[in-house]
Amino acid sequence: DFWSQSFCWGSAAPTDKQAKSTRVRFRNDGGKTYARCEVHLIYRVPGADATTVTFNWTADAGSHQAANRFAGAQPGTWNVQTGRNVKTKWVEFEPAKEH
């Protein structure tokens, strides 16, 4: 059977650990028409930059924003005093250079 929004997936380890680029090929031997193909590549980078997380919300007391910087390779927690009837507006994750 064929659905217009079918998903196919797979994974492969790179054969060259020092490769600067990679190529992905799609092959369709089922005779079906595909409107679009998409690839998501996940890889580890050398080192671990810090991340600044910014949280923006509204509560009974109005609009608020708070940010916290997390060290690169260290797990961490962050407690934000938010108030009542909290509604998240947005959360941003931004790479930050280590000091």
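1. Let's start with a term: a residue is called buried when its relative accessible area is under 20%, exposed when it is over 50%, and partly exposed in between, using a 1.4 Å probe and protein chains only. Strands here are DSSP runs of E with at least two residues, numbered from the N terminus. By these definitions, eight of the ten residues of β1 are buried, so this strand is largely enclosed by the rest of the structure.

2. A word on what you are looking at. This is a predicted model, in which local features need pLDDT of at least 70 and side-chain atom pairs count only at pLDDT 80 or more, while totals for chains, interfaces and linings use all residues. Residues are numbered from 1 along each chain as its sequence is written, and side-chain values use heavy atoms, with hydrogens and water left out.

3. Now find the sheet. Three strands form an open sheet in the order β2-β1-β3, with antiparallel pairing (two strands pair if DSSP finds at least two bridges between them). The edges are taken by β2 (62–70) and β3 (87–96); each has a single partner strand, so one side of each is left without a neighbour in the sheet. From one strand to the next, the twist averages 15° (an angle between N-to-C directions, on a scale from 0 to 180 degrees, of axes fitted as lines to C-alpha atoms).

4. How is β1 tied to β2 and to β3? Nine bridges join β1 to β2, and β1 also pairs with β3 over nine bridges. A hairpin of two residues links β1 to β2. Try tracing V53: F93 stands opposite V53 in β3, while N68 is the bridge partner of V53 in β2. Next to look at is T52, which stands opposite E94 in β3.

5. Is T51 buried or partly exposed? T51 belongs to strand β1 (residues 50–59), and T51 counts as partly exposed because its relative accessibility is 29%. T51 touches N68, R69, F70, F93, E94 and A96, leaving aside residues up to four places away in sequence (contact means heavy atoms within 4.5 Å). Along the chain, T51 and P75 are 24 residues apart, and their C-alpha atoms are separated by 11 Å.

6. Finally, step outside the sheet to L41, in the segment before β1. L41 has 58% relative accessibility and therefore counts as exposed.

Notes: Helices (H or I, at least four residues) and strands (E, at least two) are DSSP runs, numbered from the N terminus.
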